[in-house]
Amino acid sequence: MSNTHFSFDTTAFRDTEELLSENINRIHGHELASWLSRELGRLGYEATDASDEDFGWYFDVQNEGHSYFCTASVATEGQLPDEGHVTVAKNRSLIDRILGRNKSVSDDAVVTAIAAILESSTAISNLERHVE
């Protein structure tokens, strides 16, 4: 998988105590993952609801026959702003990887949509994008 990672400062997306109790490691990120999933749905992408995982929260996105695994977490250190992280990985089969097919590209529609959603939020600043 080729990953695109976004990091940013944020003044939003802290989870409630109830949501934190659903995550084994009590990692913030449900609100961020849910917001991104809803926004992608409004843009016509098929996105699942946010679910917990030991590294934070995730949701899946489908677009034009391709599947994407998206993760979200928010590091809280007391005072705002918090540090947000979103990673997008395009799922590829073993055959695709062996044959070099269906690679994630810099102008991938899902990655571009997530970047635009993050950029449009007034609660997000210092957005950085890294390809891993």
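In this predicted model, the residue E22 has a relative accessibility of 41%, so it counts as partly exposed, a label for values that fall between the buried limit of 20% and the exposed limit of 50%. E22 is found in helix α1, and on the surface it gathers with E18, D52, E53 and D54 in a patch of negative charge. Two elements, helix α1, which spans residues 17-22, and strand β3, which spans residues 51-53, each supply at least two residues of this negative patch.

A patch of another kind can be found on the surface where L94, I95, I98 and L99 come together, for these residues form a nonpolar patch with about 430 Å² of accessible area together. L99 has its place in helix α3, which covers residues 94-99, and with a relative accessible area of 55% it is exposed, because the limit for that label is over 50%.

From the surface we can turn to the interior, where the largest nonpolar core has 27 residues. Those with the most contacts inside this core are L32, L36, V86, V88 and I114. Helices α2 (30-42) and α4 (109-120), together with strands β1 (3-10), β4 (56-63), β5 (66-75) and β6 (82-90), each supply at least two residues of the core, and α4 gives the most, with 7 residues.

The charged side chains also pair with one another, and the count comes to 3 salt bridges. In one of them, R14 is joined to D82, with the closest N and O atoms 2.7 Å apart. Because R14 lies in the loop between β1 and α1 while D82 lies in strand β6, the pair ties together parts that are 68 residues apart in sequence. The two partners can be described by their accessibility as well: R14, at 37%, counts as partly exposed, whereas D82, with a relative accessible area of 1%, is buried.

Another salt bridge links R26 with E17, and here the closest N and O atoms are 2.4 Å apart. R26 is partly exposed, at 42% relative accessibility, while E17 counts as exposed, at 52%.

A further salt bridge is the one in which the side chains of E39 and R42 meet, at 2.3 Å from N to O. Both residues belong to helix α2, and because they are 3 residues apart there, they are separated by about one helical turn. R42 is exposed, with a relative accessible area of 61%.

Conventions:
Residues numbered from 1 in each chain as written. Predicted model: local features only at pLDDT ≥ 70, side-chain atom pairs only at ≥ 80, totals over all residues. Heavy atoms only, no water. Patch = residues over 30% accessible without salt bridge, like charges linked within 9 Å, V, L, I, M, F, W, Y side chains within 5 Å. Areas by Shrake-Rupley, 256 points an atom, 1.4 Å probe, with all protein chains shown as cover. Salt bridge = Lys/Arg side-chain N within 4 Å of Asp/Glu carboxyl O. Lys, Arg positive; Asp, Glu negative; His and termini not counted. Charge placed at Lys NZ, Arg CZ, Asp CG, Glu CD. Helix = DSSP H or I, 4+ residues; strand = E, 2+ residues; numbered from the N terminus. Buried < 20%, exposed > 50% of the residue type's maximum accessible area, 1.4 Å probe, protein only. Core = buried A, V, L, I, M, F, W, Y, C linked by side-chain atoms within 4.5 Å.
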